[in-house]
Amino acid sequence: MSQQSLIFVALDYANAEAARPLIDKLSPQQCGLKVGKELFTSAGPEFVRELVQRGFKVFLDLKFHDIPNTVNKAVRAAAELGVWMVNVHASGGRRMLEAARDAVADMPNRPYVIAVTVLTSMSAEDLQEVGINVPPAEHVLKLAKLTKAAGLDGVVCSAWEAEAIASICGAGFIRVTPGIRPVGSEQGDQRRVMTPPEAAALGIEVLVIGRPITQAPDPVAALTEIQASLTA
Ligand SMILES: O=C(O)c1cc(=O)[nH]c(=O)n1[C@@H]1O[C@H](COP(=O)(O)O)[C@@H](O)[C@H]1O
């Protein structure tokens with residue numbers, strides 16, 4: 001993993017045709033691409049293979065959360081597409097996480113397997129409603145420790161929890177942070193947000209950014225501006 005924060009553009013588009021105009025203007029040297037539930041459901045594995053063939057690091061964000069056997073098979077199927085990273089939900093529990101880890105253990109070029117802690121769209125109130133009566137940061141840390149103990153490569157968390165995770169889980173443990181919002185951009189459904197330069201200053205390995213780029217009048221210019229702001 002490089003020292004500088006890598007940016008992954010969240011391709012939250014309705015289908016491949018809608019995503020292609022932006023992808024055609026990007027290079028694998030510039031950023032990675034995240035394919036999530038919407039685009040994967042409409043465009044399918046063939047589209048993921050196409051992005052991999054074009055040389056992009058692809059983060060397949062399907063957030064698997066199921067019984068261990070099902071997650072094991074799903075992670076393996078994702079890995080066989082040649083993606084760089086795949087994720088599951090840490091709240092699936094230790095045995096599910098171990099099954100995700102084991103799915104790719106024998107692959108020579110295996111993807112990173114990481115686990116979502118607490119979604120960046122969730123606030124303390126949202127957590128309370130689902131029976132978790134501790135602050136988000138505390139629950140994130142608990143799930144990060146479980147993920148590390150199960151032998152996964154890292155976690156998805158908000159940038160606010162990234163430093164504490166590094167101090168508890170160690171430097172090699174990858175932190176992937178969505179909920180990144182340049183000053184002046186709309187928060188939308190995100191709750192635990194931070195600006196790109198602040199997140200980069202924390203040494204976060206991967207910043208996931210969607211709408212501030214994809215909904216901008218000129219997405220490539222928005223990405224370039226964000227990238228410049230990281231080192232300014
Ligand atoms: O796993 C993810 O990528 C993810 C986890 C999380 O906690 N929060 C979160 O926003 N994401 C994804 O990151 C992207 C954020 O997009 P924007 O809010 O548009 O920047 C979306 O594709 C989400 O599905």
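Guide: A residue counts as buried if 20 or more other C-beta atoms lie within 10 Å of its own, as exposed if 12 or fewer do, and as partly exposed in between, with C-beta atoms placed from the backbone. This is a predicted model, in which local features need pLDDT of at least 70, side-chain atom pairs count only at pLDDT 80 or more, and totals for chains, interfaces and linings use all residues. Residues are numbered from 1 along each chain as its sequence is written.

Visitor: What makes β5 mostly covered?

Guide: Five of the five residues in β5 are buried. Tyr 112, Ile 114 and Val 116 lie on one side, with Val 113 and Ala 115 on the other, so both faces meet the burial cut-off.

Visitor: How do you know that β4 and β5 pair?

Guide: Pairing requires that DSSP finds at least two bridges between two strands. Here five bridges join β4 (residues 85–89) to β5 (residues 112–116), so the parallel strands qualify as a pair. Val 88 has Ala 115 as its bridge partner, while His 89 stands opposite Val 116.

Visitor: What joins β5 to β6?

Guide: Three bridges do, and these strands run parallel, so they pair as well. Ala 115 stands opposite Val 155 in β6.

Visitor: Why is the unit of β4, α4 and β5 called right-handed?

Guide: With the strands pointing away from the viewer, a right-handed path from the first strand over the helix to the second runs clockwise. The unit of β4, helix α4 (residues 94–104) and β5 is right-handed, so its path runs clockwise in that view.

How values were computed. Helix = DSSP H or I, 4+ residues; strand = E, 2+ residues; numbered from the N terminus.
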